[in-house]
Structure formats: C-alpha cells, structure tokens
Amino acid sequence: MVDIATRVYNHRWRIDPIVRSLLDTDFYKLLMCQSVFRNARDTQVTFSLINRTKTIPLADLIDEGELRAQLDYARGLRLTRGESTWLRGNTFYGKRQMFRSDFMEWFETFQLPPYHLEKRDGQYELTFEGAWPEVMMWEIPALAILMELRSRAVLGAMKRFELQVLYARAMTRVWEKIERLRKIEGLKIADFGTRRRHGFLWQDWCVQAMVEGLGEAFTGTSNCLIAMRRDLEAVGTNAHEMPMVFAALAETEHELRQAPYKVLEAWHEEHEGNLRIILPDTYGTNGFLAHAPDWLAAWTGVRIDSGNPFEGAQRAIDWWRARGEDPRKKLIIFSDGLDVAQIEDLHAHFRGQVKVSFGWGTLLTNDFRNLVAEDALAPFSLVCKAVAANGRPTVKLSDNPEKATGPAEEIARYRRVFEVGAQAAMPVVV
C-alpha cells in the first residue's frame, strides 16, 4: 500500500502528475462521449470552471505556473495499448464491446484540446472551446487538477510528521464510516468521488478500503483508471450535460420542452438494463415526470441528485405507481452530497418500497473537515459545466435553486417553459 503522507511530502521536490491517464475520469463521461460522437460531434461547446464557494480564492492559493504545468501534462496524454484493450474487450454492465469500433478508433488518437486560463477577482477563469466530444473530456481532469492543487497548497506548509498524523486521522475517519455502513443489511454503494477528490492516491486508498470493508456491498467505482487497475466494476450512466446542450440548440419552446426526452431517446437505442437510469432534475423533476413519455416509466430507475432526497424518491415512486409500474422492481440511486447518516436514513426509509443504491462522492474521497487549522482542507463546491452550445447559453435549474446556472434571463425563461414552481433552497456544500 502506498505511503500517501510520504508521497505528498515529496510533491514539493518533484513534479507528480495529478492526472496520469485519460482513463482517470468517470465512466459516465466515456458513455456520454460515445453518444455525442455518434449523434452531435460537430456541435461547438464551451465548458467553464465555476467555483460556487466564493470564499475560497483559488487564484490566490494555487500557483498559475503549477496549474498550467498540470494542464499541459494532461494535454499530452493518450490512451495506452493496455487501456485501449480494457475498453475494447472488457464487460461493462454485462455487455461486451460497449464502446463501438468507430468511437475507439477516434479515442485511441485523442488528446485533450487547448484551454484558456485567466485570473479574475481571486478566481481562475478556465474555459475549453471546441467540438463537443473533445472539450467535454476536460471536465473531470480539470476539476481533479484544481482540487488536488488546492490540497497541495495547504499540505505544502506541513512537515513530514504532521502529514503522517493528518492521514492517519483521515484514514480512521473513513474506516469508522465504513464500519457504520457495513451494519446496513442489503446496502449497495459505489464510489462517485473522482470530481472533487482530495487527490488521486487518496481516492485509490478510499476505494481499497471500501473493497476490504464492505465486500459485496461495494458495487464499484466511477473512476475508470482505478476500476481497471483494481479489477472493479466501472459504474455510471449519464449526466446533466447532455440535456443542457440539446436544450440550448432548440429552435422553439416546444423543442426546448422536448430536449430532455430527445436525449433519452438516443440513450434508449444504445443502452439497456442498469444503464437506463433517468436523471430527471436538469429542469426540475416535477415537470419532467409530469410530461415524460410512457416508455420512460419502463426504464430501470432514477438518480436523485438535487433537492430533498426523501421527497425526490417519493415523487419517483408515486410516478411509477401512476404509470402502472411496480416500484419494488425499480432502482433509485442517491448521489447528492451524501454522508453516512443520510445513507443510513435513506436506506431505512425506502427499503422494501424500492431498490436503493448510493453513489458516494465528495464526503468519501475528500472529507478532511476540521483536521487542519482554519478548516483549510474542507471540501468545497467546484464544477465544470457546459456554458454555451453553438454560441447559445446553456441553463441548468435542478431541484435546488442554489445550483442553477446560466444567464438570469435564460433561467427565468427555462423556469417558465418547464413549469418550475416554487423550490426550496438548500445549502450547496459539495
């Protein structure tokens, strides 16, 4: 097992790449990239880094030269022969050759495109512009690089023994969480922690701890590189990005209302089983379910990623019942800012009503709260979103108005078109 404290201590003496492979990304990103490559490869999209936690001035904490060095290193990466073989030949969600030969031929020669970096008001403005399947692949590496550089900035002032004690305490915290989780009968949980992790080595350690501590209750990791190296299931389905871009391309309000369903029509043609998971909250879950076509009710499940998770899950259960489906045969995946107490409560509340699973993210792979002075390693909310498509702004609403992104006038228009009523604001921690 890697001595993480020593490796972290040595970071100050030599360059250690934060992103060391194009597979150091989430599995859903590859699935979406293949879909985009097939259906909308010429769409021009802009992605932008957004720090929701304005109290953390990343441009003051992170050296610009070091940030550029890490971004440039990532740009030089290409798939290795072994990585390509794993993607081409492995079984994902019970299906061999999940990734088509035309997509793989493109991906085997792919390198991350150029980026644009500026400083403004204590924050970095990091943007990526170009063909959608190319620039979308920056999202996860960019987040991982910024998150880990922030960690290194704090850890760089600590001495060797301080680091050993810090990681011992953090490891104890993770293990105590695992000990609580393994008391939950019938638990199913996966690692979703790549995007806002403390660091790659730490995420890898957390995954190993989950494997040993939870056994069959641990269903896999969203991180493709860790899944490949540890012979684990790579898990993940789709994200808000696709309906956001398709909605921005809509010419009429009718097309705008239909955009989220158009995305899922294409997904339906490509995937089956546990890959048919609905993410309904891009423009509000209530409106999405109210106008959803009947064939969507036959899908395997729903992922709850914003708003009150108890209310969101109950909405899905009621919707299935109204559409003549048995909720006990359906799957709900909870994935929004989870920690152990909430996992315990959600599992206890919905067990027997529906199949329940959890995607555990930031508070698995980046819970260093109150372990250093001034809580300088506390997790924060950093996202990298598609902000424009073919020159038009994108919008995300979600079930929590605090997570809404896009120009104010466009947010108002989308709320009207998608019939989004009053929403309860909830703190955005991660």
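The exchange below walks through selected residues, helix pairs and annotated spans of a predicted model.

Colleague: What ground rules apply to this model and its numbering?
Modeller: This is a predicted model, where local features need pLDDT of at least 70, side-chain atom pairs count only at pLDDT 80 or more, and totals for chains, interfaces and linings use all residues. Side-chain values use heavy atoms, with hydrogens and water left out, and along each chain, as its sequence is written, residues are numbered from 1.

Colleague: Which residues does UniProt list for "domain: Nicotinate phosphoribosyltransferase N-terminal"?
Modeller: The name comes from an unreviewed UniProt entry. UniProt positions are given in the numbering used here, feature names are shortened, and annotations may be inferred rather than shown by experiment. In the model, the span is 46% helix and 21% strand, and its end C-alpha atoms are 18 Å apart. Helices (H or I, at least four residues) and strands (E, at least two) are DSSP runs, numbered from the N terminus. The listed residues are 23-146.

Colleague: How far apart are the end C-alpha atoms of residues 188-421?
Modeller: UniProt lists this span, in an unreviewed entry, as "domain: Nicotinate/nicotinamide phosphoribosyltransferase". The span is 40% helix and 14% strand. Its end C-alpha atoms lie apart by 33 Å.

Colleague: Is Ser222 buried or exposed?
Modeller: Ser222 sits in the loop between strand E7 (218-221) and H11. Buried means under 20% relative accessible area, exposed over 50%, and partly exposed in between (1.4 Å probe, protein chains only). Ser222 has 3% relative accessibility, so it counts as buried.

Colleague: Which side chain makes a polar contact with the side chain of Ser222?
Modeller: A polar contact is a pair of N or O atoms within 3.5 Å; within protein, one must be able to donate a hydrogen and the other to accept it, and residues adjacent in sequence count only if both atoms are side-chain atoms. Leaving out residues up to four places away in sequence, Ser222 touches Thr25, Asp26, Phe27, Asp191, Phe192, Gly193, Thr194 and Val235. Contact means heavy atoms within 4.5 Å. The polar contact, at 2.7 Å, is with the side chain of Asp26.

Colleague: What is the relative accessible area of Gln203?
Modeller: Gln203 is in helix H10 (residues 200-214). Beyond residues up to four places away in sequence, Gln203 touches Asp191, Gly193, Thr194, Arg197, Thr221, Asn223, Ile226 and Thr365. Gln203 is buried, and its relative accessible area is 0%.

Colleague: Which UniProt annotation covers His240, and where does the residue lie?
Modeller: His240 lies in the loop between H11 and H12. The residue is buried, at a relative accessible area of 5%. Residues up to four places away aside, His240 touches Leu279, Asp281, Thr282, Asp305, Lys385 and Lys396. The annotation, from an unreviewed entry, is "modified residue: Phosphohistidine".

Colleague: Asp231 has a positive phi; what is its value?
Modeller: Asp231 is in the loop between helix H11 (224-230) and helix H12 (241-248). Asp231 is exposed, with 72% relative accessible area. The residue is not a glycine, although its phi is positive, at about 55°.

Colleague: Is Ser398 buried or exposed?
Modeller: Ser398 is in the loop between strand E13 (392-393) and helix H18 (408-417). Its phi is positive, near 70°, in a residue other than glycine. With a relative accessible area of 0%, Ser398 is buried.

Colleague: Are H9 and H16 roughly parallel or roughly antiparallel?
Modeller: The axes of helix H9 (residues 160-181) and helix H16 (residues 340-350) come within 10 Å and cross at roughly 10°. Axes are lines fitted to C-alpha atoms, for helices over the stretch in contact, and angles run from 0 to 180 degrees between N-to-C directions. Angles under 35 degrees count as roughly parallel, over 145 as roughly antiparallel, 65 to 115 as roughly perpendicular and the rest as oblique. H9 and H16 are therefore roughly parallel.

Colleague: Which residues of H16 meet H9?
Modeller: From H9 come Lys177, Arg180 and Leu181. On the side of H16, the residues are Val340, Ala341, Ile343 and Glu344.

Colleague: How are H13 and H18 oriented to each other?
Modeller: The axes of helix H13 (residues 253-270) and H18 come within 10 Å and cross at roughly 80°. The two helices are therefore roughly perpendicular.
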